[in-house]
Amino acid sequence: MNLIFLGPPGAGKGTQAKILEERFGYRQISTGDILRANVREGTPLGVEAKGYMDRGALVPDDVIIRMIEPEVDAPGALIFDGFPRTVPQAQALDALLLGKKKSSVAILFEVDNAVLLDRLTGRWTHLPSGRTYHVRHNPPQHDLLDDVTGEPLVQRPDDKEETVRTRLAVYDEQTAPLIGYYDNPDDPRLVRVDGLAPIAAVTEQLVKLVHDGGFAEHRAPAP
Ligand code: AP5
């Protein structure tokens, strides 16, 4: 079963994707991490994407869909983290998965908007791996150093308060409609988790869903 992690910036999608990847062998496909790697390497894609990302806007659908196409071929169970973010992206993903006879379930991380600003402005990131920490909720073992590599952590440029506010508004306008797309009564494929719970408790909810068959009644059969 492939998982689509849906939820506003700071909801905990990346944190949980990394945990499921390490513990259960899922493969995380984070469009944000792929874009940031391209920005760091100065590729044409990175140069095009940077302006959108720095101001908290979405990168155009055609760029994102082209970027994701080869990723869908990866073997094993995938976690789409931060993709899709618009209805056209969701339709494109469905078409790609259908072509590969793969199915998917969307998991909505429900979080009160009030906590998101605190989570994002307190976040420190290991850019090469995408691992994230929080100054209070999930501090690294050594100040401002990644637990695995010992390399320095940085604050993402789009985690400045003003840009976070733009990203939250963009989520409400362009991504929240995906809740209805996946919660469609004719083909329900949406499961909700309480993203306000502590990190370990959110993981427990996901493990229960993945391993205790909690997805059974939501599963869209591959045709
Ligand atoms: P992207 O990198 O995808 O950012 P995002 O969706 O805004 O998500 P975040 O990474 O900010 O949040 P998260 O939910 O992963 O939270 P995290 O687990 O880190 O996208 C960045 C930009 O790229 C976009 O703005 C856009 O420009 C572009 N882009 C990317 N994909 C695109 C697409 N498909 N289409 C178009 N453009 C695209 O957690 C946040 C913090 O909270 C951390 O510090 C963490 O330690 C802490 N935390 C996590 N869980 C908990 C918890 N349960 N309790 C307490 N603290 C917690």
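# Helix H4, strand E4 and the ligand shell

Analyst: To begin with helix H4 in this predicted model, the cover over its buried residues includes strand E2, helix H2, helix H3 (44-54), strand E3 (78-81) and helix H5 (87-99).

User: And which residues of H4 are buried?

Analyst: In helix H4, which spans residues 61-68, the buried residues are Val63, Ile64, Ile65, Met67 and Ile68.

User: You mentioned E2. Where does glutamine 28 lie, and is it buried or exposed?

Analyst: Glutamine 28 lies in strand E2, residues 27-30, and because its relative accessibility is 13%, under the 20% cut-off, it counts as buried.

User: What does the side chain of glutamine 28 make a polar contact with?

Analyst: Its partner is the side chain of lysine 18, at 2.4 Å. Leaving out residues up to four places away in sequence, glutamine 28 touches Gly14, Ala17, Lys18, Glu21, Asp33, Ile79 and Asp81.

User: Switching to the sheet, why is strand E4 described as largely enclosed?

Analyst: Strand E4 covers residues 104-110, and 6 of its 7 residues are buried, so the rest of the structure largely encloses it.

User: Which strands does E4 pair with?

Analyst: Strand E1 (residues 2-6) runs parallel to E4 and is joined to it by 5 bridges, with leucine 3 standing opposite valine 105. E4 also pairs in the parallel sense with strand E7 (residues 190-194), again over 5 bridges, and there phenylalanine 109 stands opposite valine 193.

User: OK, now the ligand. How many residues surround it, and which are the closest?

Analyst: The ligand is surrounded by 37 residues, of which the closest are Thr15, Ala57, Arg85, Arg123 and Arg167. By class, this shell has 16 nonpolar, 13 polar and 8 charged residues.

User: Which elements supply the shell?

Analyst: At least two shell residues come from each of helix H1 (13-24), helix H2 (31-41), helix H6 (113-121), strand E6 (131-134) and helix H9 (199-211), and the largest share, 4 residues, comes from H2.

User: What about polar atoms of the protein around the ligand?

Analyst: An N or O atom in the side chain of threonine 15 is 2.6 Å from an oxygen atom of the ligand, while a polar backbone atom of glycine 82 is 3.0 Å from a ligand nitrogen atom. A nitrogen atom of the ligand is also 2.9 Å from an N or O atom in the side chain of glutamine 89. As for cover, the ligand has 1,000 Å² of accessible area on its own, and the protein covers 97% of that.

User: Arg85 was on that list of closest residues. How far is glutamine 174 from arginine 85?

Analyst: Their C-alpha atoms are 7.0 Å apart in space, although 89 residues separate glutamine 174 and arginine 85 in sequence. Glutamine 174 is placed in helix H7, residues 161-175, and is partly exposed, with a relative accessible area of 35%. Not counting residues up to four places away in sequence, glutamine 174 touches Leu58, Arg85 and Thr86.

User: Last one: where does arginine 156 lie, and what is it in contact with?

Analyst: Arginine 156 lies in the loop between E6 and H7 and is buried, with a relative accessible area of 11%. Its contacts beyond its neighbours within four places in sequence are Arg36, Arg123, Thr125, Leu127 and Arg167; Arg123 and Arg167 are also among the residues closest to the ligand. A polar contact of 3.0 Å joins the side chain of arginine 156 to that of aspartate 158.

Note on methods: Residues numbered from 1 in each chain as written. Predicted model: local features only at pLDDT ≥ 70, side-chain atom pairs only at ≥ 80, totals over all residues. Heavy atoms only, no water. Buried < 20%, exposed > 50% of the residue type's maximum accessible area, 1.4 Å probe, protein only. Pairing = 2+ DSSP bridges. Contact = heavy atoms within 4.5 Å. Near = heavy atom within 4 Å. Polar contact = N/O pair within 3.5 Å; in protein donor to acceptor, adjacent residues only side chain to side chain. Areas by Shrake-Rupley, 256 points an atom, 1.4 Å probe, with all protein chains shown as cover. Nonpolar A, V, L, I, M, F, W, Y, C, P; charged D, E, K, R; others polar.
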